[in-house]
Each structure stands twice: as C-alpha cells, then as structure tokens.
Amino acid sequence: MLQKNVIGIILGFIFMIMTFLYTRGIFTPFFACMIVLLLFIAFLKEESRVFTWVLITFFLGNLLVGYASQFLERFRLSAFSFVMFNQLLLLIPIFMIHYVLIKFRRKMSIYFGGPSISSSAQIFYIILSIIILLSFPTLLFMNKMPVNGQSFLYILLFSITYAVLQEVLWRGLLLPHFRLTAGNKIGGIMTSIAFGFNTSLFSQTFTLTILFILIGFLFAIITVKTKSIYPSIFIHASIIALLLISGLMVLPI
C-alpha cells in the first residue's frame, strides 16, 4: 500500500507540473514529461498503469480541445456561441477517459450517484442554498449595468454547462483515481492544486491561483462527504453565475 501511494504521489506531482506547463504554454518540458510517463508505464503495476493512462488521456484530450477550438475559429460564430462550443469540447477528454476506464474494466466514477447527506450537514447545505439564492437578486439590484432576461438566461446556460463539465472531469473522473492511487487526503490536495492551475489559465495572478486551489479543495471535500458531484455542480454553477452577474467575470453576450 505504501509503495502504491508513493508511486501515486509521484505521478500526481508530475500531473500537477504538466498542468501548470500546459496551461502556461510551456510545451517543451510538457512533452518531455509526457514521454517520461509513456516510457515508464510498462513498468507499473496495473492500478498505477490505469491511473497513468487516465492522466495521459486527460492531456491528449485537452490537446485535441485546443486544436478543435482553433478549427471553430474558422466559422462565423457569435461570441457566445463560440464560448459555449468551447465548453462542450471538454466532452472530448471526458469521453476519452471513459474509454480508457472501459478498456481496463474500471467503474467510471463512484461519485455519479445521488448525494448522501447527513442530518447535520443538511442544515448547512440548506443555509448555503438560501444565501446563494438571495445573492442573485441582491447582485442584480446592485449591478450598475442591468442584466436583462436574455443575458440572465445566457449566464445560467453558461454557468450550468461549465460547472457540469468541470465537475464531471475533475471531481467525477480524476478525484477518485487520485484518492485511490495517491491516498485520500493527498489525492484530494493534488487534484485541487491541478484544478487551480487549470482554472487560473485565464488570469495568471498568484492570488487567483490560490483562490481557485482553495475552491477546488472545497469542491473535493463536498464531493467526498456527499459521495456525489451534484452538490458541487450546484455550488460551482452558482459561483460562476454570481461572478458573471457581479461583473467580476465577463461573458461575451
């Protein structure tokens, strides 16, 4: 078990480095790390081999997403349509990882079922839901640039799509394999750090990177505690929608 965790930690550390390099466009060392993973995969035991293939497939899928996004630029799409199609391209790494898990006869995820919430935790989530729901009309009232019905619909559509795909990929697919191979706590921390690097792609400040890492860790805790990604999807979508309504994030609509 200890040896498996050590190998999982090493693989997770390589994954974090590769995520940072890829999102910052530092491709030479990124591909060097990819080659290292491919060379050593034959010497790993089956569980670590499955984990390594999941990580490799994640990056191959993201490379395809990049090329597909460039292809979409050739079409005369509206700004919002282009953003939405780019979000849907995340289905590529999701389906690729799903294919790898099928080939190795592994369950896709243990977190795709309904949430299991204790009585004490239910009160917390009810209060949190009320705060989130009350925040929407408050921000709409305070917003200097009024959000009309169509804009609000676009914001909700983008927020839900973004949250679903991100949570399926990071907490649904990657988190359980990190926890299985690198250990429960370390695996959760590693996925959160990689998530922070990946999400802060659009704003490479140190403060926002730390913020996204902490948010990723929060989503990981919620997913593990509830044994489901659905609460994280709701909170994630709400945060994105609130950021867009407040003007801290801008959606081309």
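Accessible areas here come from the Shrake-Rupley method with a 1.4 Å probe. On that basis, the accessible surface of the protein chain in this predicted model comes to about 13800 Å², and 73% of it belongs to carbon and sulfur atoms. The chain has 10 helices and 0 strands, so that its pattern along the sequence consists of α elements from one end to the other. Of its 253 residues, 46% are buried. Among the contacts between residues at least 6 apart in sequence, 75% join residues at least 24 apart.

A useful place to begin is helix α7, which covers residues 149–182. Its 34 residues should span 50 Å at 1.5 Å a residue, and the distance of 46 Å between its end C-alpha atoms agrees with that expectation. The helix nevertheless has a kink of about 40 degrees at Leu174, shortly before the proline Pro176. Because 24 of its 34 residues are buried, α7 is largely enclosed by the rest of the structure. After the helix comes Gly183, which has a positive phi near 110 degrees.

Two places within α7 illustrate this enclosure at the level of single residues. Thr161 counts as buried at 16% relative accessibility, and, when its neighbours within four places in sequence are left aside, Thr161 is in contact with Met84, Gln87 and Leu88. Further along the helix, Arg171 and Glu167 form a salt bridge in which the closest N and O atoms are 2.7 Å apart; these two residues are 4 apart in α7, about one turn of the helix. Both partners fall under the 20% cut-off for burial, since Arg171 has a relative accessible area of 1% and Glu167 has 0%.

Side chains of opposite charge can pair when their charged atoms come close. The count of salt bridges in the model comes to 3, and a network of them links Glu46, Glu47 and Arg106. Glu46 meets Arg106 with an N to O distance of 3.5 Å, a pairing that links distant parts of the chain, with Glu46 in helix α3 and Arg106 in the loop between α5 and α6, 60 residues apart. For Arg106 and Glu47, the closest N and O atoms are 3.3 Å apart; Glu47 also lies in α3, so this pair ties together parts that are 59 residues apart in sequence. The members of the network are partly exposed, with relative accessible areas of 43% for Glu46, 23% for Glu47 and 24% for Arg106.

On the surface, a nonpolar patch is formed by Phe71, Phe75, Leu77, Phe85, Leu88, Leu91 and Phe95, which together have about 640 Å² of accessible area. Helices α4 (79–88) and α5 (91–103) each supply at least two residues of this patch, whereas Phe75 sits in the loop between α3 (46–72) and α4 and is partly exposed at 45% relative accessible area. Leu88, one of the residues of the patch, is also among the contacts of Thr161 in α7.

Finally, two loop residues deserve a look for their backbone angles. Arg105, in the loop between α5 and α6 (119–142), has a positive phi of about 55 degrees although it is not a glycine, and it counts as exposed at 79% relative accessibility. Lys227, in the loop between α9 (206–226) and α10 (230–246), is likewise not a glycine and has a positive phi of about 60 degrees; its relative accessibility of 53% places Lys227 in the exposed class.

Notes. Residues numbered from 1 in each chain as written. Predicted model: local features only at pLDDT ≥ 70, side-chain atom pairs only at ≥ 80, totals over all residues. Heavy atoms only, no water. Patch = residues over 30% accessible without salt bridge, like charges linked within 9 Å, V, L, I, M, F, W, Y side chains within 5 Å. Salt bridge = Lys/Arg side-chain N within 4 Å of Asp/Glu carboxyl O. Buried < 20%, exposed > 50% of the residue type's maximum accessible area, 1.4 Å probe, protein only. Contact = heavy atoms within 4.5 Å. Expected span 1.5 Å × (residues − 1). Bend = angle between axes of the 7 residues up to and from the residue.
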